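Trainee: Could you take me through one part of this chain in close detail? I would like to see how a single piece sits among its neighbours.

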Amino acid sequence: MRHATALLACLLLTGAAACSTSDEPETTITKASPTPTPSASPTPSPSKEELRLGDTASIAADTKFSAAALAYDDTGVKGVPEALSSGQKWAVLMVKVCNQDAEPISTSPLVWSLAYADGARVEAAGMNAGELPQPLYPMDAKVSGGDCVRGNIAFQVPKGGRPERVLYSPDVVDEPVEWRVL
């Protein structure tokens with residue numbers, strides 16, 4: 001009887017372990033430190049509030065890469081005035097994405113957005129004309145292993161408001177990576 005009970009317990013544990021595996025890659029996001037620090041144990045992923053403009057997030061999904069929202073500016077940004085909707089002004093977000101894997105990755109400004117305290121979100125304008133501050137972030141760029149792409153992304157934002165967060169939502173992450181705009 002003891003052998004039958006032990007065998008049943010073993011089969012149940014083996015079956016549970018087999019059922020819990022997944023073919024989906026697990027995405028992890030961690031804040032990259034400017035200099036490596038020795039650590040005896042792994043560092044847990046930071047909460048979204050810990051990332052601020054200028055911080056770099058290391059992302060491990062199908063590939064390993066990093067992303068950084070470097071700076072936000074909505075003061076005196078010139079673009080194409082005729083393209084602005086009423087009550088709007090131009091803003092730019094300087095971002096950088098680096099491929100830390102051997103396989104190339106694709107990047108796009110369209111996966112970046114701005115989030116406001118009232119729940120409103122503003123998507124990238126996808127514009128690259130006018131007097132927008134250079135360099136502009138490229139549309140659909142391929143980034144080789146070990147290479148980076150950096151540039152400004154244009155947004156039409158409401159006059160008199162300021163976003164509270166920058167969101168980065170490529171398809172390989174389950175939820176957006178967020179930076180606080182201070």
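Mentor: Start with strand S6, residues 112–115, and its link to S10. The two strands run antiparallel, and 4 bridges join them. Keep in mind that this is a predicted model. Pick out one pair: Leu114 has Val166 of S10 as its bridge partner.

Now look from S10 towards strand S11, residues 177–180. Again 4 bridges join the strands, and again they run antiparallel. Val166 turns up here too, standing opposite Trp179 in S11. So follow Val166 on the display: Leu114 is its bridge partner in S6, and Trp179 stands opposite it in S11.

Next, the side chains. In a regular strand they alternate between the two faces of the sheet. Which residues of S10 lie on each side? Arg165 and Leu167 are on one side, while Val166 and Tyr168 are on the other. Are these four buried or exposed? All are buried, and both faces of S10, residues 165–168, are covered. Buried here means under 20% relative accessible area. Across the chain, 35% of the 182 residues count as buried.

Step back to the whole chain. It has 1 helix and 11 strands. Along the sequence, the helix comes before the strands, in the pattern α-β-β-β-β-β-β-β-β-β-β-β. Now take the contacts between residues at least 6 apart in sequence: 69% of them join residues at least 24 apart. Finally, the surface: the chain exposes about 11100 Å², with carbon and sulfur atoms supplying 53% of it.

Terms used
Residues numbered from 1 in each chain as written. Predicted model: local features only at pLDDT ≥ 70, side-chain atom pairs only at ≥ 80, totals over all residues. Heavy atoms only, no water. Buried < 20%, exposed > 50% of the residue type's maximum accessible area, 1.4 Å probe, protein only. Contact = heavy atoms within 4.5 Å. Areas by Shrake-Rupley, 256 points an atom, 1.4 Å probe, with all protein chains shown as cover. Pairing = 2+ DSSP bridges.
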